[in-house]
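Colleague: Could you take a close look at one part of this model for me? I'd like a single helix walked through from end to end, along with whatever lies around it.

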Amino acid sequence: MKIIVAPDNRLNQVSKKIDIVDNTTISILDQMLECMYKNNGIGLAAPQVGILKRLVVVDCNDKSNNKKPLKLINPEIIKLSTENSEFEEGCLSLPTQYAKVKRPTEIIIKFQNVKGVFCKEVFSGLEATCIQHEIDHLDGKLFVDHISKLKKNIIIKKLIKLKKKNKK
Ligand code: NI
């Protein structure tokens, strides 16, 4: 799997729901996790590797010997707290770029697990931020869409320069 770097049209698409959770779905999630760990990420959404499906992997545990992977199929936010938290966010599709983003501190999501079972779970802190960031990817949104246009344009320009440099 190869991570797509912004700006790229594939990162601005709305991903499709998974109808049936099968072995292909599970295999994609496992490969996504592997790709995420390899790149030292804490979250990855399928469109970032060119698969326009509503699949997300997350692992916010900072200890590499104590993995806590989350595999989310068709994740959907059903409740957001009114209280907000600010984290400095980065993204594997926007390498070396960071910005402070304010998001609800706590969320309740519903999703399907690898058995296809519908689950509901509460997340807070960094995990809540990370999951919101990844669900944004499924709707074609990036973290820079939450900051000022000016700051967003600076970051996008830097990424275009980086892409040109890497092509040489
Ligand atoms: Ni991201």
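Modeller: Sure. A quick definition to start: helices here are DSSP runs (H or I) of at least four residues, numbered from the N terminus, and a residue lines a pocket if it has an atom within 4 Å of one of the pocket's grid points. Bear in mind that this is a predicted model.

With that in hand, let's take helix α2, which gives the most to the lining of the largest pocket: five residues. That pocket has a volume of about 420 Å³, and 22 residues line it, with G41, I42, E89, G90 and C91 lying nearest its centre. Besides α2, strand β4 (84–89) also gives two or more residues to this lining. By type, the lining residues split into nine nonpolar, 10 polar and three charged.

Now the helix itself. α2 runs over residues 125–138, 14 in total, and spans 21 Å from first C-alpha to last, close to the 20 Å expected at 1.5 Å a residue. Since 12 of those 14 residues are buried, α2 is largely enclosed by the rest of the structure. Among the buried ones are E127, C130, H133, D136 and L138.

Q132 is a nice one to zoom in on. This α2 residue has 6% relative accessibility, so it counts as buried, the cut-off being under 20%. Leaving out residues up to four places away in sequence, Q132 touches I77, L80, R103, P104 and I107.

Past the end of the helix, look for G140: this glycine follows α2 and has a positive phi, near 75°.

Methods:
Residues are numbered from 1 along each chain as its sequence is written. This is a predicted model: local features need pLDDT of at least 70, side-chain atom pairs count only at pLDDT 80 or more; totals for chains, interfaces and linings use all residues. Side-chain values use heavy atoms; hydrogens and water are left out. The expected span of a helix is 1.5 Å times one less than its number of residues. Buried means under 20% relative accessible area, exposed over 50%, partly exposed in between (1.4 Å probe, protein chains only). On a 1 Å grid over the protein atoms alone, a cavity is a set of points where a 1.4 Å probe fits but cannot get out, and a pocket is an open set with protein on both sides within 12 Å along at least five of seven lines; lining residues have an atom within 4 Å of a point. Grid points are joined across faces, edges and corners, and a volume is the space filled by probe spheres set on the points. Ala, Val, Leu, Ile, Met, Phe, Trp, Tyr, Cys and Pro count as nonpolar, Asp, Glu, Lys and Arg as charged, and the others, Gly among them, as polar. Contact means heavy atoms within 4.5 Å.
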